[in-house]
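Grab your viewer and work through a few short exercises. Try each task yourself before you read the solution.

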Amino acid sequence: MDYRAQSPEIIREFLFYHETIKGHSKKTVDEYFLDLRTFFRFMLIHKGIANRDMPFDDLSIANIDKDFVKSVTIADVYEYLAFLSRDRIKHHKSRYAEYGLSAATRARKTAVIRSFYKYLTLKSTNNRLSENPVADLDAPKLRKSLPRFLSLDESRKLLGSVDGTFRERDFCILTIFLNCGLRISELANLNLTDLREDSLRVLGKGNKERIVYLNDACAAAINDYLLSRKTITAIDTRALFLSSRRTRISTSNIHSLVKRHIMVAGLDKTKYSSHKLRHTAATLMLKSGVDVRTLQELLGHEHLNTTQIYTHIENSSLKEAAMKSPLSDYHKTK
């Protein structure tokens, strides 16, 4: 669906900026539109312009203009965030309605609103605002949680359990996940032309390219897979990894095969996923002495603080410091 066709000019300008200048993917830009559409649907009701009896998801924002956008206050946005936390359905396709979006989801939607108003204040030519009405908007506080990951032994167990018709392909995918820490979309989008003698050319978020170097395990796994791939008459001749239909493997296919092999390995498939394998790669490399800035480049993180979450998982120096406490040998006398 072309969401831009449903957008008023003031939002469409913002979407085009992010796609053409910022280089964000169509999927990301579509998500920006959906977040802004939800926000302004609420504002139409909140300010008494829309008919409250009309279903929320049927409201049109086609007539949103600069004056309406300018009229929004921080208090209005906080009312909207309260609506998201109390009354917004979590999963629209679920059989059982659950209400209240998570703090992380609300924080993401807040970031889109702030980005929209910042653009109108600093970048827009047709709809520039002289002042940003939400400049001091705070985002919902997020609970810090450490990413779940496989131990080294569990990782070896997972790799050692791979079998089946697509053994070479699946083993190669898992090996790249656990050694290189690629995102699932990055792995699915790999082409044969992205292969180098000792590296991969990876197209990450925002169409940013990076080079990921291959260790011996990855190189061997890729070579074994390429030998098996030669026996397949590929429909998508560019794709590195092929599905059973001989087309480019999809992210859902990868997600399913990862879950299947996790279960076969005797691990809990409800705890681990393809993204957890990315966490695993990052964690194991940090434990092996890779510095956080190198890891940032490897993972394709734009900001260092995204990478630094892994430094809190297990810091051997902190553990060592605790053991060296002068009171570490004190035991309660009976």
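What follows is a set of exercises on a predicted model, each with a worked solution.

**Exercise 1. Get an overview of the chain: work out its secondary structure, its buried share and its surface.**

Start with the elements: the protein chain has 14 helices and 2 strands. Next, burial: 41% of the 334 residues count as buried. Then look at the outside, where the accessible surface is about 19800 Å², with 50% of that belonging to carbon and sulfur atoms. Finish with the contacts: take those between residues at least 6 apart in sequence, and 58% of them join residues at least 24 apart.

**Exercise 2. Describe how β1 and β2 pair up.**

First find the strands: β1 covers residues 199-203 and β2 covers residues 209-213. They run antiparallel, joined by 5 bridges. For a register check, put R201 of β1 against β2, and you'll find I211 opposite. Now go to the connection: the two strands make a hairpin with 5 residues between them. In that turn, G206 has a positive phi of about 65°.

**Exercise 3. Decide whether C180 and C218 are bonded or not bonded.**

Recall the chemistry: a disulfide is a covalent bond between the sulfur atoms of two cysteines. The cut-off to apply here is 2.5 Å between the sulfurs. Now check the pair: the closest cysteine sulfur to that of C180 sits in C218, at 3.8 Å, so it's too far for a bond. Run it from the other end and C218 likewise has C180 as its closest, at 3.8 Å. The total for the model is 0 disulfides. As for burial, C180 has a relative accessibility of 1%, so it counts as buried. C218 comes in at 0% and is buried too.

**Exercise 4. Map the lining of the second largest pocket.**

Begin with volume: this pocket holds about 350 Å³ of space. Then list the lining, which has 16 residues; L178, N179, C180, N215 and L284 lie nearest the centre. Now trace the elements: α6 (152-160), α7 (167-180), β2 and α11 (274-287) each supply at least two lining residues. The largest share, 4 residues, comes from α6.

**Exercise 5. Place L101: is this residue buried or exposed, and where does it sit?**

Location first: L101 is in the loop between α4 (74-86) and α5 (103-122). Next, accessibility: the value for L101 is 11%, and because buried means under 20%, the residue counts as buried. Last, pick F83 as a reference: L101 is 18 residues from F83 in sequence, and their C-alpha atoms are 9.2 Å apart in space.

Conventions
Residues numbered from 1 in each chain as written. Predicted model: local features only at pLDDT ≥ 70, side-chain atom pairs only at ≥ 80, totals over all residues. Heavy atoms only, no water. Pairing = 2+ DSSP bridges. Buried < 20%, exposed > 50% of the residue type's maximum accessible area, 1.4 Å probe, protein only. Contact = heavy atoms within 4.5 Å. Areas by Shrake-Rupley, 256 points an atom, 1.4 Å probe, with all protein chains shown as cover. 1 Å grid on protein atoms, 1.4 Å probe; cavity = no way out; pocket = protein on both sides within 12 Å on 5 of 7 lines; lining within 4 Å. Points joined across faces, edges and corners; volume = space filled by probe spheres on them.
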